[in-house]
Amino acid sequence: MSSDIQTPRVEQVQIDQLSCWRIHTAHGEALIAQQGAQLLSYQPHEQPPLVWLSETAEYRHGQSVRGGVPVCWPWFGNLDRNPVDIRTAYQGDKPPAHGLVRALDWQLDDIADEQGQLSVHFSYDASHGLPGWAHSARLELVMRFGERLTLEMTTHNLGDKPLPLTQALHTYFAVSDCRQVSIEGLQGNRYLDAMENWEERQQHGLIRFTGETDRVYLDVEKALVIQDPLWERGIHVKAGGSRSAVVWNPWIDKAARLSQMPDDAWTGMLCIETARVMDDAMSVAPGRSETMSVEIWGEPLKA
């Protein structure tokens with residue numbers, strides 16, 4: 001723990017076109033954008049970053065920043081890969097990937113010191129729907145910065161019909177070298193492999209990265225651990241209200257095509273996206289709320 005930071009400190013900053021906040025606590029430092037209520041980066045004191053942010057990230061209205069934790073809602077990925085009731089709920093043209101709220105300004109409702117951890121509360125009012133999407137809803141996202149980083153997203157259905165959706169907290173994790181790390185906790189799980197025409201496979205052993213990876217894991221019940229021997233750290237990822245997770249790394253060729261990403265940056269990141277997708281899609285009853293969360297922390301690897 002850093003001895004010179006005892007009281008949380010919040011600084012509002014403008015980075016290019018985006019309004020942001022820098023958060024300093026006894027546990028670490030974060031950067032948050034109002035657009036998309038996007039946690040852009042987080043680094044615990046005396047550790048490498050936990051949440052990865054691209055060195056060539058662009059801070060522009062109307063586009064998600066490469067890195068951090070973009071919020072994917074009310075659908076994940078390409079709309080045409082979602083269940084039919086979610087596809088038909090959108091009546092607009094050219095549906096954006098990963099939903100409708102990543103590039104919109106959210107409302108900052110509160111920043112509070114709660115029992116030794118700083119909490120940041122955002123909301124988005126979709127009580128009158130969104131362009132091309134008529135459901136009445138309210139979305140809340142709470143970030144808590146304590147000994148662990150927690151993100152908690154709640155959907156309130158304000159309408160009189162069930163609200164179908166898929167969603168994800170699309171977390172980019174910082175690693176020493178993705179070719180040297182492994183992910184523990186998904187052994188034996190079913191997954192759909194986007195690199196193999198979405199065929200269903202079963203995970204045997206730990207996940208290791210040897211090429212472009214894009215998989216939706218199903219029936220996820222355990223906390224996951226990114227084992228990073230070069231940094232001698234395990235990143236623990238504990239989801240709540242979620243039974244699906246997406247594991248992604250663009251590798252060489254796709255990284256070269258991606259915006260806001262240096263060609264070699266794929267080695268220093270990977271995504272584990274806490275999600276409600278595929279057969280884990282949500283349906284929020286009228287007048288009810290549903291919450292999904294993820295808790296993240298680093299620990300030294302056991303010898």
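I began with proline 74, which in this predicted model sits in the loop between β5 (71-72) and α1 (84-87). Looking at its backbone, I found that a cis peptide bond joins tryptophan 73 and proline 74, with omega at about 5 degrees. I noted this for the record, since most peptide bonds are trans.

Next I looked up backbone angles. Most residues other than glycine have a negative phi, and I wrote down two residues with a positive value. Glutamate 46, in the loop between β4 (38-44) and β5, has a phi near 65 degrees. Tryptophan 251, in helix α2 (residues 251-257), has a phi near 60 degrees.

I then asked myself whether each of these two is buried or exposed. Glutamate 46 has a relative accessible area of 69%, so I entered it as exposed, the cut-off being over 50%. Tryptophan 251 has a relative accessible area of 14%, which is under 20%, and I therefore entered it as buried.

My last entries concern pockets. The largest pocket has a volume of about 720 Å³, and 31 residues line it, with Gly77, Ala97, His98, His170 and Lys254 lying nearest its centre. I listed β11 (167-174), β16 (213-217) and β19 (244-249) as the elements that give two or more residues to this lining, which by class holds 15 nonpolar, nine polar and seven charged residues.

For the second largest pocket I noted about 250 Å³ of space and a lining of 16 residues, of which His27, Pro44, Gln47, Gly146 and Glu147 lie nearest the centre. Here β22 (289-300) gives the most to the lining, with three residues, and I counted eight nonpolar, five polar and three charged residues in that lining.

Definitions and conventions. Residues numbered from 1 in each chain as written. Predicted model: local features only at pLDDT ≥ 70, side-chain atom pairs only at ≥ 80, totals over all residues. Heavy atoms only, no water. Helix = DSSP H or I, 4+ residues; strand = E, 2+ residues; numbered from the N terminus. Buried < 20%, exposed > 50% of the residue type's maximum accessible area, 1.4 Å probe, protein only. 1 Å grid on protein atoms, 1.4 Å probe; cavity = no way out; pocket = protein on both sides within 12 Å on 5 of 7 lines; lining within 4 Å. Points joined across faces, edges and corners; volume = space filled by probe spheres on them. Nonpolar A, V, L, I, M, F, W, Y, C, P; charged D, E, K, R; others polar.
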